[in-house]
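Colleague: Hi! I'm new to this one, could you walk me through it?
Modeller: Happy to, let's put it on the screen.
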Amino acid sequence: LKVPVSAINEETHNSRLITFGLPPNQSLGIFTGSAILMNVPKKKKDGTIKSIPRSCNPIDMKEGSFDLLIKIKLKSHYGRYISGLEVGDMVGFKQTKGNVKKFRFLQKLVRGLLRSIIKG
């Protein structure tokens with residue numbers, strides 16, 4: 001799935017908050033703490049383009065968009081790619097079943113609260 005960069009905000013000297021657009025009325029549909037894979041293109045020595053997956057955790061997800069807060073390390077290929085992104089650029093992402101995890105802390109908290117209420 002390729003989605004457009006909708007906004008880029010510089011949070012610190014080496015981090016960016018990047019908003020990506022989704023098709024109307026769609027969301028990522030994943031749990032907090034789940035990861036998605038960004039396809040980072042890299043040119044090989046023979047001139048072909050190879051896609052390198054990089055794991056990312058959205059910090060905000062809503063209908064029509066999601067946000068990633070990314071630290072920029074310019075010595076890495078990933079950091080140079082992210083720092084070169086501009087609004088309107090298309091970025092590829094994918095999800096795999098193993099990347100979608102339930103946020104277990106919240107489940108444990110709710111179970112604990114329910115037990116407290118029931119015991120009274």
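Colleague: Thanks! What kind of model is it?
Modeller: It is a predicted model.
Colleague: Good to know. How many helices and strands does the chain have?
Modeller: There are 2 helices and 7 strands. If you follow the sequence, the order is β-β-β-β-β-β-α-β-α.
Colleague: And how much of the chain counts as buried?
Modeller: The chain has 120 residues, and 30% of them count as buried.
Colleague: Let's look at β2. Is that strand mostly covered or mostly open?
Modeller: Mostly covered. Strand β2 spans residues 15–21, and 7 of its 7 residues are buried.
Colleague: Which residues of β2 point which way?
Modeller: S15, L17, T19 and G21 point one way, while R16, I18 and F20 point the other way. Residues of both groups are buried.
Colleague: Which strands does β2 pair with?
Modeller: One partner is β1, residues 2–12, in an antiparallel pairing over 6 bridges. Another is β6, residues 65–71, also antiparallel, over 7 bridges.
Colleague: Can you give me residues to click on? Which residue of β2 is the bridge partner of A7?
Modeller: That is T19. For the pairing with β6, try I18 in β2, whose bridge partner is L68.
Colleague: Nice. How many residues does the hairpin between β1 and β2 run through?
Modeller: The hairpin joins β1 to β2 through 2 residues.
Colleague: Changing topic: how many salt bridges does the structure hold?
Modeller: It holds 1 salt bridge. The side chains of D60 and K62 meet there, at 2.8 Å from N to O.
Colleague: Why can side chains like that pair at all?
Modeller: When their charged atoms come close, side chains of opposite charge can pair.
Colleague: Why does D60 count as partly exposed?
Modeller: Because its relative accessibility is 31%, and partly exposed covers the range between under 20%, which is buried, and over 50%, which is exposed.
Colleague: And K62?
Modeller: K62 is partly exposed as well, with a relative accessible area of 41%.
Colleague: One more thing, the charges on the surface. Which residues form the positive surface patch?
Modeller: K42, K44, K50, R54 and R80 form it.
Colleague: Where does K42 lie?
Modeller: K42 lies in strand β3, which covers residues 36–43.
Colleague: Why can K42 be part of a surface patch?
Modeller: Patch residues need over 30% relative accessible area and no salt bridge. K42 has a relative accessible area of 37%, so it is partly exposed and passes that area cut-off.
Colleague: Great, thanks for the tour!

Notes: Residues are numbered from 1 along each chain as its sequence is written. This is a predicted model: local features need pLDDT of at least 70, side-chain atom pairs count only at pLDDT 80 or more; totals for chains, interfaces and linings use all residues. Side-chain values use heavy atoms; hydrogens and water are left out. A salt bridge is a side-chain nitrogen of Lys or Arg within 4 Å of a carboxyl oxygen of Asp or Glu. Buried means under 20% relative accessible area, exposed over 50%, partly exposed in between (1.4 Å probe, protein chains only). Helices (H or I, at least four residues) and strands (E, at least two) are DSSP runs, numbered from the N terminus. Two strands pair if DSSP finds at least two bridges between them. Patches are made of residues with over 30% relative accessible area and no salt bridge: like charges are joined within 9 Å, nonpolar side chains (Val, Leu, Ile, Met, Phe, Trp, Tyr) within 5 Å. Accessible areas come from the Shrake-Rupley method with a 1.4 Å probe; for residues, only the protein chains shown count as cover. Lys and Arg count as positive and Asp and Glu as negative; His and the chain ends are not counted. The place of a charge is taken as NZ of Lys, CZ of Arg, CG of Asp or CD of Glu.
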